[in-house]
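Welcome! Here is a set of short exercises to work through with the model open beside you. Try each task before you read its solution.

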Amino acid sequence: MNILLTGFMGAGKTTIGRKLAKLLEYSFVDTDTEIEEDQGCSVAEIFKYGGEECFREMETQQLEKLKSVDNSVIATGGGIILRKQNRGMLTEIGKRVYLKVAQAELLLRLKNDRNRPLLKEKDPKTVLKEMFAERDLLYEQAECIIETGQQSPQQIASEIIRKICNEDSDHNF
């Protein structure tokens with residue numbers, strides 16, 4: 001079984017994903033890192049030279065590759081759920097976990113982060129508000145929703161295991 005971590009940029013998908021993979025003795029995959037390695041450049045550079053649509057196509061291609069993996073924790077890019085095709089593949093690949101972070105908390109985490117391509121040109125507060133309107137209901141379709149609050153990555157990883165074990169009691173972790 002695979003576990004796919006979804007949520008907004010800054011939600012902690014990569015950090016929590018590494019902890020979760022270690023606890024479960026699973027492989028860890030970060031779709032953004034995989035794309036960067038494939039392309040030989042950063043996500044920011046892909047956005048700069050190819051645009052968002054080009055990057056979204058690379059995400060779809062990455063998901064195609066992940067259909068064959070098992071026993072992995074996969075941290076996805078924040079916008080991967082925007083394409084209907086991707087949402088279908090995410091469901092095929094594994095159980096989706098939405099790492100839900102309050103908009104105000106995300107703003108605090110991201111307000112000085114200039115490495116996020118979608119935050120470079122505009123006011124982060126406005127961008128996040130627009131993203132919440134566009135994405136929140138898509139993230140909410142996940143099999144498991146974790147309110148991250150003020151929990152540590154370790155606590156969140158443990159909570160994911162508890163919730164998924166309760167849903168999938170025939171699977172031994």
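Helices (H or I, at least four residues) and strands (E, at least two) are DSSP runs, numbered from the N terminus. Before you start, note that this is a predicted model, in which local features need pLDDT of at least 70, side-chain atom pairs count only at pLDDT 80 or more, and totals for chains, interfaces and linings use all residues. Residues are numbered from 1 along each chain as its sequence is written, and side-chain values use heavy atoms, with hydrogens and water left out.

**Exercise 1. The overall plan**

Find how many helices and strands the protein has, and in what order they come.

Step 1. Count the elements: there are 7 helices and 5 strands.

Step 2. Read them off from the N terminus, and you get β-α-β-α-α-β-α-β-α-α-β-α.

Step 3. Now look at burial. Buried means under 20% relative accessible area, exposed over 50%, and partly exposed in between, using a 1.4 Å probe and protein chains only. Of the 173 residues, 46% count as buried.

Step 4. Finish with contacts, meaning heavy atoms within 4.5 Å. Among contacts with a separation of 6 or more, 74% are between residues 24 or more positions apart.

**Exercise 2. Strands side by side**

Work out which strands pair with E1, and in which sense.

Step 1. Recall the rule: two strands pair if DSSP finds at least two bridges between them.

Step 2. Apply it to E1 and E3, which are parallel and share 3 bridges. Here leucine 4 has isoleucine 74 in E3 as its bridge partner.

Step 3. Turn to E4: E1 and E4 also run parallel, with 4 bridges. Threonine 6 is partnered by tyrosine 98 in E4.

Step 4. Go one strand further. E4 (residues 95-100) and E5 are parallel too, joined by 4 bridges, and lysine 100 stands opposite glutamate 147 in E5.

**Exercise 3. Two faces of a strand**

Decide which side chains of E5 are buried and which are not.

Step 1. Start from a general idea: in a regular strand the side chains alternate between the two faces of the sheet.

Step 2. Check E5 (residues 144-147): Cys144 and Ile146 point to one face and are buried, while Ile145 and Glu147 point to the other and are not.

Step 3. Set E1 (residues 3-6) beside this. Ile3 and Leu5 point one way, Leu4 and Thr6 the other, and all are buried.

**Exercise 4. Two residues at 0%**

Describe the surroundings of threonine 31 and valine 97.

Step 1. Locate threonine 31 in helix H2 (residues 31-39). Threonine 31 counts as buried because its relative accessibility is 0%.

Step 2. List its contacts, leaving out residues up to four places away in sequence: Gln62, Leu66, Ile74, Ala75, Thr76, Gly77 and Ile80.

Step 3. Move to valine 97 in strand E4. Valine 97 also has 0% relative accessibility, so it counts as buried.

Step 4. Apart from neighbours within four places in sequence, valine 97 has contacts that include Ile3, Leu5, Ala142, Cys144 and Ile160.

Step 5. Compare sequence with space: valine 97 and tyrosine 139 are 42 residues apart in sequence, with 8.5 Å between their C-alpha atoms.

**Exercise 5. A pair of cysteines**

Explain why cysteine 54 has no disulfide.

Step 1. Use the cut-off: a disulfide is a pair of cysteine sulfur atoms within 2.5 Å.

Step 2. Look for the closest sulfur to that of cysteine 54. It belongs to cysteine 41 and is 8.8 Å away, so it is too far for a bond.

Step 3. Give the total, which is 0 disulfides.

Step 4. Add the accessibility. Cysteine 41, at 24%, is partly exposed, and cysteine 54, at 29%, is partly exposed as well.

**Exercise 6. A buried arginine**

Say where arginine 83 lies and what it touches.

Step 1. Arginine 83 sits in the loop between strand E3 (72-75) and H4.

Step 2. Its relative accessible area is 17%, so arginine 83 is buried.

Step 3. Not counting residues up to four places away in sequence, arginine 83 touches Glu53, Arg56, Glu57 and Thr60.
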